[in-house]
Amino acid sequence: MTSTTARRRPYGVKGAPYAFLLPAVALFLLFFALPIGYAVYLSFRKVEVSGLGLGAGARQEVWAGFQNYTDALGDNELLDGALRVLAYGCVVVPVMLGLALLFALMLDSEKVRFTAVTRLAIFLPYAVPGVVAALLWGFLYLPDVSPFYFVLERLGLPQPDLLDGGPLYLALSNIAIWGGTGFNMIVIYTSLQAIPAEVYEAAKLDGASPLQIALRIKIPMVAPSLVLTFFFSIIATLQVFSEPTTLKPLTNSVSTTWSPLMKVYQDAFGKGDIHAAAAQAAIIALVTLVLSFGFLRAANRRNKQEAAR
């Protein structure tokens, strides 16, 4: 018995990691891989209607091949939504990351006081749910209820309509910037705190000013964090949904297909065409995957080139 147990024990030890991983793998397959696989399956199907579509067997689900994908790529509403999101991202990503870097550098400065309170105040908007933030800013944008418009009216200043035309992009971008800057700031600030103090001391002995230290030491050394935050920001921008959907009842400038994800939602639950919506969702996921891995590969290649120098 003792020799048998001794022989079996190594196998049990080797299998222990897989036993610990089993719950996570099961949850991943059940709630992530399986829904994705089912969505891809639906994207290759369509509903074929015979006659008036009434009665048993009048509506049948058949194989569609790549028809849903070709229809999606030729859908002007989907392409227009992608262009709107592109314009939205050109405002959100650089401004949000620029502010996050600026706040992180300011908090890392030796002259700043009450760092913990300031850091919490900057991060706090990220803890507000996206729908709540959109509702909050949406009412602040409405001329009839916004205190900002009341102040502008009292001062005799122009009162722009932020929920119409071009300013709508700025209004939506402001919500995303307000909510996402704090998270990116924490990531960058954590990287700054990991830089050894000896590096700063050596720079000060060489006569470097705080601005030179920030530009020539801090920013280059937190470049991996900037790449990471840019990567997350791109993904979040491509998946924008809650902000325009929440603001839609407040203005006629936001259509039901303002963003690609809103178009997917409208086709799936508004028109009831889940097959076309699945194909559009698969295209959005593929574009996000290609852009993300393309950016990461370019960033890694640049890092290798700089390391080789």
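**Entry 1: α9 and α10**

I take the axis of a helix as a line fitted to C-alpha atoms over the stretch in contact, with angles running from 0 to 180 degrees between N-to-C directions. I also note for myself that this is a predicted model.

With that settled, I looked up helix α9 (residues 210-221) and helix α10 (residues 223-238). They pack at an angle of about 55°, and their axes are 4 Å apart. That angle makes α9 oblique to α10. Which residues make the contact? On the α9 side I found Ile219, Pro220 and Met221, and on the α10 side Ala223, Pro224 and Leu226. Sorting the residues of this contact by type gave me 6 nonpolar, no polar and no charged.

**Entry 2: α7 and α10**

Next I stayed with α10 and turned to its meeting with α7. Here the packing angle is about 165° and the axes are 9 Å apart. Angles over 145 degrees count as roughly antiparallel, so I wrote down α7 and α10 as roughly antiparallel to each other. The crossing of α7 past α10 is right-handed.

I then listed who meets whom. From α7 come Phe183, Asn184, Val187, Ile188 and Ser191. From α10 come Ser225, Leu226, Leu228, Thr229, Phe232 and Ser233. The tally for the contact of α7 with α10 is 6 nonpolar, 5 polar and no charged. Leu226 was already in my notes, as one of the α10 residues that touch α9.

**Entry 3: α3 and α7**

How do α3 and α7 pack? Helix α3 covers residues 76-107 and helix α7 covers residues 167-193. I read an angle of about 40° between them, with the axes 7 Å apart. They are therefore oblique to each other. As α3 passes α7, the crossing is right-handed. The residues of this contact split into 23 nonpolar, 4 polar and 1 charged.

**Entry 4: the two ends of α3**

I wanted to see what sits beside α3, and began with Asp75. I found Asp75 in the loop between α2 (67-73) and α3. Its side chain makes a polar contact with the side chain of Lys263, at 2.8 Å. Setting aside residues up to four places away in sequence, Asp75 touches Lys263 and Gln280.

Then I went to Asp108, which lies in the loop between α3 and α4. Is Asp108 buried or exposed? I have Asp108 down as buried, because its relative accessible area is 13% and the cut-off for buried is under 20%. The side chains of Asp108 and Lys218 are joined by a polar contact of 2.9 Å. Beyond residues up to four places away in sequence, Asp108 touches Tyr189, Leu192, Gln193, Tyr200 and Lys218.

In that loop between α3 and α4 (115-123) I also looked up Phe114. Its phi is near 55°, which is a positive value in a residue other than glycine. Phe114 counts as exposed, because its relative accessibility is 66%.

**Entry 5: Leu247**

For Leu247 I went to helix α11 (residues 242-247). Its relative accessibility is 0%, so Leu247 counts as buried. Which residues are in contact with Leu247, leaving aside neighbours within four places in sequence? I wrote down Ala134, Gly138, Leu163, Leu172 and Ile175. I also checked Phe139: from Leu247 it is 108 residues away in sequence, and the two C-alpha atoms are 9.1 Å apart in space.

**Entry 6: two residues of α13**

Last, I picked two residues in α13. Asn300 is in this helix, which spans residues 274-308. Asn300 counts as partly exposed, because its relative accessibility is 44%. How far apart are the C-alpha atoms of Asn300 and Pro224? They are separated by 9.5 Å, with these positions 76 residues apart along the chain. Pro224 is familiar from my opening entry, as one of the α10 residues in the contact with α9.

Ala298 is also found in helix α13. I noted Ala298 as partly exposed, with a relative accessible area of 38%. I paired Ala298 with Arg84: they are 214 residues apart in sequence, and 25 Å apart in space from C-alpha to C-alpha.

Technical notes:
Residues numbered from 1 in each chain as written. Predicted model: local features only at pLDDT ≥ 70, side-chain atom pairs only at ≥ 80, totals over all residues. Heavy atoms only, no water. Parallel < 35°, antiparallel > 145°, perpendicular 65-115°, else oblique. Left-handed = near helix turned anticlockwise from the far one by under 90°. Nonpolar A, V, L, I, M, F, W, Y, C, P; charged D, E, K, R; others polar. Polar contact = N/O pair within 3.5 Å; in protein donor to acceptor, adjacent residues only side chain to side chain. Contact = heavy atoms within 4.5 Å. Buried < 20%, exposed > 50% of the residue type's maximum accessible area, 1.4 Å probe, protein only.
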